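Hi,

Here is the structure I promised to pass on to you. Have a look at it first, and then read on for my notes.

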Amino acid sequence: MTSSVKPLIPDDDAARLAAAFGRRGFMAGGVAGGLAATPLFAPGQAHAQAAPGAEEITVDQARTAPIPIVLPSLGTGVAQQITDVISADLGNSGLFRPISATMPQGTPDFATYKTMGARAAMTGRVMDQRGSLRVEFRLWDVSTGSQIQGTAYTAAAQDWRRIAHIIADVIYGRLLGEQGYFNTRIAYIARSGPRAHQTTRLAIMDQDGANSRYLTNGQWLTLMPRFNPANSELAFLSYANYRPRVYLFNLSTGQQRILGDFSGISFAPRFAPDGSSVILSVTRGGGSDIYVVDLATMARRQVTDSGAIDTSPSFSPDGTQFVFNSDRGGSPQLYIMSASGGDARRISYGHGSYGSPVWSPRGDLIAFSRIANGSFSLGVMAPDGTGERILTEGFTVESPSFCPNGRVLAFCRQSSGGSNGAGFATGINTIDITGFHERALPAGSASDPAWSPLNK
């Protein structure tokens, strides 16, 4: 921040938040490097490779029939808490059916597990090592009796929840063949007060709704948080000092700064895939243009100049294109343009107005919100505009954000309110990209979710 601008987040609070949420602080304390992972070989197979599952399981199969997996308690106290988080992560994905059992002594009783219908099983133990935890974890293929994965994790005792998320990610990845997303966080806007005069605070939580903390105090309207894919940095819109502008806050260092000093209002920021720049909208007259700001030099480059309202840009995963919405054709629709500028190609042709586009990390889909006949819907389409599918509908469903593997969307769902706003509610939900397994996160009154990359 420049010396002439009062910090949006007081310096003392910024330092405290950096210690609480920075990658080093989150995994630090008594263990070199934050977390150590050591392979555990199967008994009697000291030099054998971990065996793959005997039968491949696809995500589509798991949606139809969730994978039954035995998850016995790892012990009492924090060991039970770790078990509970692993079970909740897997169960809440909709792709697994956790089965409780007694922790076996030695090799699991695979015959019994087969009668329970289990496809996989976990075993392990938790050891307190003077302020640090050692969590030994093994994943077994029940049909073959072979070990699929064996790892011992050592970290500071307060990081037990993150160890649990990491183990759940390993199970997800080994059984489904794609990267898990449980060891992530979601930035969002926490809301309080009456609907017409809500207090908004920038907040952050684990992807399951735990460890929620405020980053701002609610003095100023705050909206649109976005994670940097390359580091622990957030971009967000704040009306601080009665001037709407995009701010950057580094969760690891506590450093904060304004993203450029535009003459108009800057809003709708998103980072480039490599984290080196931010694409955003800036108002001018009755419209808005899209700019790219280089974070190293703060040089800015205008990429649209249509005379219309061009906003909500989102880069493709390779950074060569971006999707945005514009009313240049008469109504808000989705367009794709080269990151270097040039002609824009319209991709939305369904009924209604489109907004809030976001490109999947996998590159195969673009999520969006749509308004038609006074009702909101949330959907996805291919980058060429084909295959449009509506995932869910409601009074208001908006602000989609992909999890790191592109399999799940977080979004804001609002209910209609009655007289004086009675009955109004706003919260964060998640849904599979097929429209499967929608669920509400325990985040209270909230909006504007932004899913972090892994380990951020």
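The largest cavity in this predicted model has a volume of about 190 Å³. There are 19 residues lining this cavity, and the ones closest to its centre are Asn92, Ser93, Tyr181, Val408 and Thr430. If you want to know how many cavities of 30 Å³ or more turn up, the count is three. The general idea behind such a search is simple: rolling a probe the size of a water molecule over the atoms shows where empty space is left.

Which parts of the chain build the wall of the largest cavity? Helix H4 (78-92) and strand S28 (425-432) each give at least two residues to the lining. S28 has the largest share, with three residues. As for the chemistry, nine of the lining residues are nonpolar, five are polar and five are charged.

Next, the aromatic rings. A search of the whole structure comes up with 12 aromatic pairs. One of them joins Phe322 and Phe324 in a tilted arrangement, with 5.4 Å centre to centre and 40° between the planes. Are these two rings buried or exposed? Phe322 has a relative accessible area of 0%, so it counts as buried. Phe324 is at 0% relative accessibility too, and is therefore buried as well.

Another tilted pair is made by Tyr354 and Phe368, with 5.2 Å centre to centre and 55° between the planes. Tyr354 sits in strand S22 (residues 353-359) and Phe368 in strand S23 (residues 366-372), so this pair ties together parts that are 14 residues apart in sequence. Both Tyr354 and Phe368 are buried.

There is also an aromatic cluster, formed by Phe96, Tyr172, Tyr181, Phe182 and Trp451. You have met Tyr181 already, as one of the residues closest to the centre of the largest cavity.

The strands of that last pair lead on to a sheet. S22 and S23 belong to an open sheet of four strands, in the order S22-S23-S24-S25, with antiparallel pairing. S22 and strand S25 (389-394) are the edge strands, each pairing on one side only. From one strand to the next, the twist averages 20°. Strand S24 (residues 375-381) is joined to S25 by five bridges, and the two run antiparallel. To find one of the contacts by eye, start from Phe376: its bridge partner in S25 is Gly394.

A further open sheet, also of four strands, has the order S14-S15-S16-S17 and antiparallel pairing. Its edges are strand S14 (266-271) and strand S17 (300-302), each of which pairs on one side only. The twist here averages 25° from one strand to the next. How many bridges join strand S16 (residues 287-294) to S17? There are three, and these strands run antiparallel. For a place to look, take Val293, whose bridge partner in S17 is Arg300.

If you are opening the model now, you could begin with Thr430 and Asn92 at the largest cavity, then go to Tyr354 and Phe368, and finish with Val293 and Arg300.

Cheers

Definitions and conventions
Residues numbered from 1 in each chain as written. Predicted model: local features only at pLDDT ≥ 70, side-chain atom pairs only at ≥ 80, totals over all residues. Heavy atoms only, no water. 1 Å grid on protein atoms, 1.4 Å probe; cavity = no way out; pocket = protein on both sides within 12 Å on 5 of 7 lines; lining within 4 Å. Points joined across faces, edges and corners; volume = space filled by probe spheres on them. Nonpolar A, V, L, I, M, F, W, Y, C, P; charged D, E, K, R; others polar. Pairing = 2+ DSSP bridges. Axes fitted to C-alpha atoms, helices over the stretch in contact; angles between N-to-C directions. Phe/Tyr/Trp six-rings, centres within 6.5 Å; stacked < 30°, edge-to-face > 60°. Buried < 20%, exposed > 50% of the residue type's maximum accessible area, 1.4 Å probe, protein only.
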